[in-house]
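These are my notebook entries on a single chain. I set down what I looked up, entry by entry.

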Amino acid sequence: KKNYTSEGKMFKMDQVGSTMPSGMIINNLESQSSLIEIPVGVKYELVNTGQSAFFISAAVSAYIMTKEKNHYNTTVNGVPEKLTGVYEKNDYRLPAVVNFGIGYEHRFSRNIQLRIEPFLKVPLQGMGIGSLPVTSAGLHVGLTHLLR
């Protein structure tokens, strides 16, 4: 799931302009999207003490959007109006974003380790029906049990 908001001027009307009322201006919108992300990346360890490691990572990801629901705050011929659009056509973006991360791993035992990685995803293409340039950031936290 990916939720995002945008100013209306960032929304490209190419794919939906013919279905919207004439004279409509999109002021802003909120979107909820369901998507599958397929990343391909590399990780480079800067420091590894055996128990702990600091690393950097980079990846590119493809997005397959399976559903998009947009809530539009618009002005139609000078009158404020709220519209909703639901788009269920699969939308493929290959590649969609480039991912950057820097992180820390700590091994608690031979088979258990903790990973903490702040990340930034920068768009290579616009997302969804309006081709919005969605940038995102977050924190990956993982507890790994190695099978040996």
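**Entry 1. The largest pocket**

I began with the largest pocket, which holds about 240 Å³ of space. I then asked which residues, of the 16 that line this pocket, are the closest to its centre. They are S57, A59, N99, E117 and H140. Next I looked up the elements that give two or more residues to the lining of the largest pocket, and I noted β2, β3, β5 and β6. By class, I recorded 6 nonpolar, 6 polar and 4 charged residues in the lining of this pocket.

**Entry 2. Confidence in the model**

I note here that the model is predicted. I therefore looked up the confidence, because predicted coordinates should not be read in detail where pLDDT is low. The chain has a mean pLDDT of 92, and 100% of its residues reach 70 or more. Which of the elements has the lowest mean pLDDT, and which the highest? I found the lowest mean, 91, in strand β4 (residues 79-87). The highest mean, 96, belongs to strand β6 (residues 112-123).

**Entry 3. The largest cavity**

I turned from the pocket to enclosed space. How many cavities of 30 Å³ or more are there? The count comes to 1. For the largest cavity I wrote down a volume of about 40 Å³. Its lining consists of Y63, R93, A96, V97, P123, Q125, G126, M127 and V134. I also asked which strand gives the most to this lining. It is strand β5 (residues 91-107), with 3 residues. By class, the lining of the largest cavity divides into 6 nonpolar, 2 polar and 1 charged.

**Entry 4. Strand pairing**

I followed the strands from the start of the numbering. Strand β1 (residues 2-7) pairs with strand β2 (residues 24-48) in the antiparallel sense, over 6 bridges. As one example of a position in this pairing, I noted that T5 stands opposite E30 in β2.

Strand β2 is also joined to strand β3 (residues 52-76), and I recorded 23 bridges between these two antiparallel strands. Here I picked out S33, whose bridge partner in β3 is E68. How many residues lie between the strands in the hairpin of β2 and β3? There are 3, and in this hairpin G50 takes a positive phi near 100 degrees.

**Entry 5. A closer look at T5**

I returned to T5, which lies in strand β1. Is this residue buried or exposed? T5 has 62% relative accessibility, and since exposed means over 50%, T5 counts as exposed. I then compared T5 with A58: the two are 53 residues apart in sequence, and their C-alpha atoms are 26 Å apart in space.

**Entry 6. Aromatic pairs**

I searched for aromatic pairs and found 2 in the structure. In one of them, F11 and Y72 are arranged edge-to-face, with 5.5 Å from centre to centre and 85 degrees between the planes. This pair links distant parts of the chain, 61 residues apart: F11 is in the loop between β1 and β2, and Y72 is in strand β3. I checked the accessibility of both residues. F11 counts as buried because its relative accessibility is 6%, and buried means under 20%. Y72 also counts as buried, at 1% relative accessibility.

The other pair is F54 and Y104, which is tilted: I noted 5.0 Å centre to centre and 50 degrees between the planes. This pair, too, links distant parts of the chain, with F54 in strand β3 and Y104 in strand β5, 50 residues apart. At 46% relative accessibility, F54 counts as partly exposed. Y104 is likewise partly exposed, with a relative accessible area of 27%.

**Entry 7. Positive phi outside glycine**

Finally, I looked for positive phi values in residues other than glycine. N77 is one such residue, with phi near 50 degrees. Where is N77 found? It is in the loop between β3 and β4. N77 counts as exposed because its relative accessibility is 63%.

I entered S131 beside it: this residue is not a glycine, yet has a positive phi of about 50 degrees. S131 lies in the loop between β6 and β7 (136-145).

Definitions and conventions. Residues are numbered from 1 along each chain as its sequence is written. This is a predicted model: local features need pLDDT of at least 70, side-chain atom pairs count only at pLDDT 80 or more; totals for chains, interfaces and linings use all residues. Side-chain values use heavy atoms; hydrogens and water are left out. On a 1 Å grid over the protein atoms alone, a cavity is a set of points where a 1.4 Å probe fits but cannot get out, and a pocket is an open set with protein on both sides within 12 Å along at least five of seven lines; lining residues have an atom within 4 Å of a point. Grid points are joined across faces, edges and corners, and a volume is the space filled by probe spheres set on the points. Helices (H or I, at least four residues) and strands (E, at least two) are DSSP runs, numbered from the N terminus. Ala, Val, Leu, Ile, Met, Phe, Trp, Tyr, Cys and Pro count as nonpolar, Asp, Glu, Lys and Arg as charged, and the others, Gly among them, as polar. pLDDT is the predictor's confidence in each residue, from 0 to 100. Two strands pair if DSSP finds at least two bridges between them. Rings of Phe, Tyr and Trp (its six-membered ring) pair if their centres lie within 6.5 Å; planes under 30 degrees apart count as stacked, over 60 as edge-to-face and the rest as tilted. Buried means under 20% relative accessible area, exposed over 50%, partly exposed in between (1.4 Å probe, protein chains only).
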